[in-house]
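Here is a friendly walk through a two-chain model, written for someone who likes cut-offs stated up front. Please keep the sequence and the 3D view open while you read.

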Amino acid sequence: MGSTLMKPVYVWEIPVRIFHWVNAACIVALCATGYLIGDPPALMSSQEAYQGYWFGTVRFLHFGTAYLFTFNLIYRIFWGFVGNKYARLAGFFPSTKEKLDELVCVVKLDILQMVCKPVESIGHNAMAALTYLVLFLVSFFQIATGFGLLSAMSGSVLSASFAWVPALLGGDMAARNLHHFTAWFFVLFAVVHVYLVCYHDYVEGRGVLSSIVGGWKFIVVKGGK
Amino acid sequence: MDNKTNQKQTIWELAQEKGYNRRDFLKFCGWIGAAAGIASTQLGRVVYALENNPRPPLIWLHFQECTCCSESFIKSDHPLVADVVLDLVSLDYTETLQAASGHQAETAMKQTMEKYKGEYILLVEGSIPTKDDGIHCCIGGRSALQILEEAAKDAKAIIAWGNCAFAGCVQAAKPNPTGATPVRKLVHGKPIINVPGCPPIADVMAGVVVHLLTFGRIPELDAQGRPKAFYGRRIHDTCYRRANYDAGLFVETFDDANAKKGYCLYKMGCRGPVTYNACAVTKWNGGVSFPIQSGHGCIGCSEADFWDQGPLYQHLPETAGFGIEATADKIGAAAAVATVAGVAAHFVTANLTKHGEIQDRVKGSKE
C-alpha cells in the first residue's frame, strides 16, 4: 500500500499571521461596538448625564479600532508587495486559467460535494483568495463610509480624506445605513470562514487550521514510499 | 433716480422708507452679521454694504412646493428681514404675494430679466417635475422646467430654497410620480446656493442673502452646495441633549420617564446625528425652540431623501423589497441564521460523503 509523505512548507510569514489575528480581533470589536452604537441597550440609570460616558466610550473604542483596522489593512497590502509568494497581492485575483479551473473545483468539492480532482494549491486556494479579495473590498467600503461619517466630528486627515463619501451616497443617513448593512457581511463571512477552515483541516489533513498560528502547511510528496 | 422700483435702492434706504431708524438698522446689521457667521471685526463691512450696495433685483419662482419657505421667511423674528431684505411684497416676481397677475405678472418678470440681465438673483422654491413633459406644474402656459431654464440663463446666482429645490423633498419620495427634480440637477454652470430645510430657518435665509449683499459672492459651500456657515455642523454636535447621548441615557418611548427628563432621542429615530443644519444653534421663531427642545426628534429635513429613510421614529430605515419593518439588523440577523443553518447542513452532508475518504486516511496513517 502506497503510503504518502507529507512535507512541511512555511506558507504564512509572521507579518501575515499578525495581520490575520489583528484583523480578526478588530472585526470582532468593530462588530460588537458597532452593534451597540446602532442599537444601544436600555440601561436605566438615575445618574445625571455628566456622571456617565459609557456610550461615548463605546464609540471611542469603535473609532479607535477602526484606525487599527485600517492601518493593519494597509500593512497587509504593503506585505503583498514584499512578502513571499503566498502573500503576494496577485494571488488574490483569479487571473489564470489554472486558477479559474481550481475555483470551479473548489465549488464542486466543497459546496456541491461532487467529485473533482483534489485541490493542491499551498497558499490560498483560488476560491478562498477570491473571497478574501471581496473581504478587502468590503473593508475598504466600511473604511470609506465609516471615516466619511466620522469626518463631521473629527479633524483627522484620514477621516477628512473620506468626507466626500457620504455626500456621494446621498447624505449621512444613507451612508450610515449602508455602513450598518455591510457590517453584517463580516458576521456571515466569519461563520463561513471559520467553518470552512475547520472543514478543510478535517478533510484534507494538511494543517490548514494550525497554519495561521505556526505558519506551516503540509503538502503531499508524490512517490514517497 | 429714474424709476421708483426698489432694485436701485440700498437696504438702508429701503429701511428708512419703511420707517426704521438708524438704531434699528445697526442692530439688524449686528444681528444678521452674527447669524451669518461674519466676524465682529467685519461688521463695518456689513453696515457699509447694506448702506451702499443696491439691493439686487430678485425673482422668486414657485414650483412644486407648499410655500412653507415663504411662510417661514415672513415669520422671521426681525421685522427688517421680511420688510426689506427680501421684501416679498415688492419682489419683482413672486406668485404668492405679488400684486400683479396674469399677463401683467409675466410681463413684469420678463422685464426684470431683460433689464437686469446677468445681475438678478434667482430664488427658486420647489422642485421641477420632469416626467410627462413637465405637465405636472405649469404656470402661464409654460412648464416649470421651461420657466426655470429661461430664468436661470441670465441669473447672477441661484438660491434654491428648501428641501424641494435642493433634493425634491416629499414629491420626489419614492416612487416620485411626477419626476420631481431639484434645481442643482437641472441647472449647470451657475452658482447655486442650496438652503435646504422644510422649511429653512428664516434667519438662515436672511443670512445667506446678506452674505451675498455684503461680499458680492456666494458663501463657502459644503460638498452638497449648502452654505457651511449654517450647514457645516450636525444638529447632533450642537444639541443641548448631547451629553445624554454620550452618557448612554436614551428615551425609550415618548411617554416614559426618560422623555420627561429630557434624555437623548437617538433611539426614537432622531436624525440629529446625520443632519446638517443650524436648528440647535439659531433655533426657530426668534430663538424660542427647535424640535428636539420640544421633545421630538429631528426628522432630517435638510438632508436629501429624508422621506425615503423612514419611518421617522426608528433609528434604522426600512429596506425596500424586504417587506414591512425590515431593517438592516433584521435582514442581517436572518441572513446570519440562514448561514449557520447552511453550515450545519454542510457539516452533516460532508461527513456522509467524505466518510470513506477520511477513514482511508486514518487507516493509512497507522502504517
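In this report, a residue is buried when its relative accessible area is under 20%, exposed when it is over 50%, and partly exposed in between, using a 1.4 Å probe and protein chains only. This is a predicted model, in which local features need pLDDT of at least 70 and side-chain atom pairs count only at pLDDT 80 or more, while totals for chains, interfaces and linings use all residues; side-chain values use heavy atoms, with hydrogens and water left out. Residues are numbered from 1 along each chain as its sequence is written, and chains are lettered from A and ligands numbered from 1 in the order in which they are written.

**Chain A in outline**

Let's begin with chain A. Its secondary structure comes to eight helices and two strands, where helices (H or I, at least four residues) and strands (E, at least two) are DSSP runs numbered from the N terminus. Read from the N terminus on, the elements follow the order β-α-α-α-α-α-α-α-α-β. The C-alpha trace of chain A spans about 75 × 40 × 35 Å along its principal axes. Of the 225 residues in chain A, 43% are buried. Contact here means heavy atoms within 4.5 Å. Among contacts in chain A between residues at least 6 apart in sequence, 67% join residues at least 24 apart.

UniProt, in an unreviewed entry, places the feature "transmembrane region" at residues 21-38, 58-78, 122-143, 149-169 and 181-202 of chain A. Its positions are given in the numbering used here, feature names are shortened, and annotations may be inferred rather than shown by experiment. Two of these spans are set side by side below.

| Span of chain A | Distance between end C-alpha atoms | Helix | Strand |
|---|---|---|---|
| Residues 21-38 | 25 Å | 100% | 0% |
| Residues 181-202 | 33 Å | 100% | 0% |

**Helix 1 of chain A**

How far should the 25 residues of helix 1 of chain A span? The expected span of a helix is 1.5 Å times one less than its number of residues. For helix 1 (residues 14-38) that gives 36 Å, and the end C-alpha atoms are 35 Å apart, which agrees. The buried residues of this helix include Pro15(A), Arg17(A), Asn23(A), Leu30(A) and Gly38(A). As a group, the buried residues of helix 1 pack against strand 1 (5-10), helix 2 (54-82), helix 4 (126-150), helix 7 and helix 8 (208-214) of chain A.

**Where the chains meet**

Two packed helices are described by the angle between their axes and the distance between the axes. Helix 7 (residues 172-204) of chain A and helix 16 (residues 355-365) of chain B pack at about 55 degrees, with their axes 9 Å apart. That makes helix 7 of chain A oblique to helix 16 of chain B. Axes are lines fitted to C-alpha atoms, for helices over the stretch in contact, and angles run from 0 to 180 degrees between N-to-C directions; under 35 degrees counts as roughly parallel, over 145 as roughly antiparallel, 65 to 115 as roughly perpendicular and the rest as oblique.

**Cysteines and helix 9 of chain B**

For "binding site", UniProt (unreviewed entry) lists Cys66(B), Cys69(B), Cys164(B) and Cys198(B). Although spread over 133 residues of sequence, they cluster in space, with a largest C-alpha distance of 9.8 Å. Is Cys66(B) buried or exposed? Cys66(B) is exposed, with a relative accessible area of 56%, and sits in the loop between strand 1 (58-62) and helix 4 of chain B. Cys69(B), in helix 4 of chain B, counts as buried at 5% relative accessibility.

Ser72(B) also belongs to helix 4 (residues 68-74) of chain B and counts as buried at 10% relative accessibility. Leaving aside residues up to four places away in sequence, Ser72(B) touches Pro199(B), Pro200(B), Ile201(B), Ala202(B), Met205(B) and Trp284(B).

Cys137(B) lies in the loop between strand 4 (128-129) and strand 5 (138-139) of chain B. Cys137(B) is buried, with a relative accessible area of 10%.

Finally, helix 9 (residues 202-215) of chain B has 14 residues and reaches 20 Å from its first C-alpha to its last, close to the 20 Å expected at 1.5 Å a residue. In helix 9 of chain B, 14 of the 14 residues are buried, so it is largely enclosed by the rest of the structure. Just after this helix, Gly216(B) takes a positive phi of about 70 degrees.
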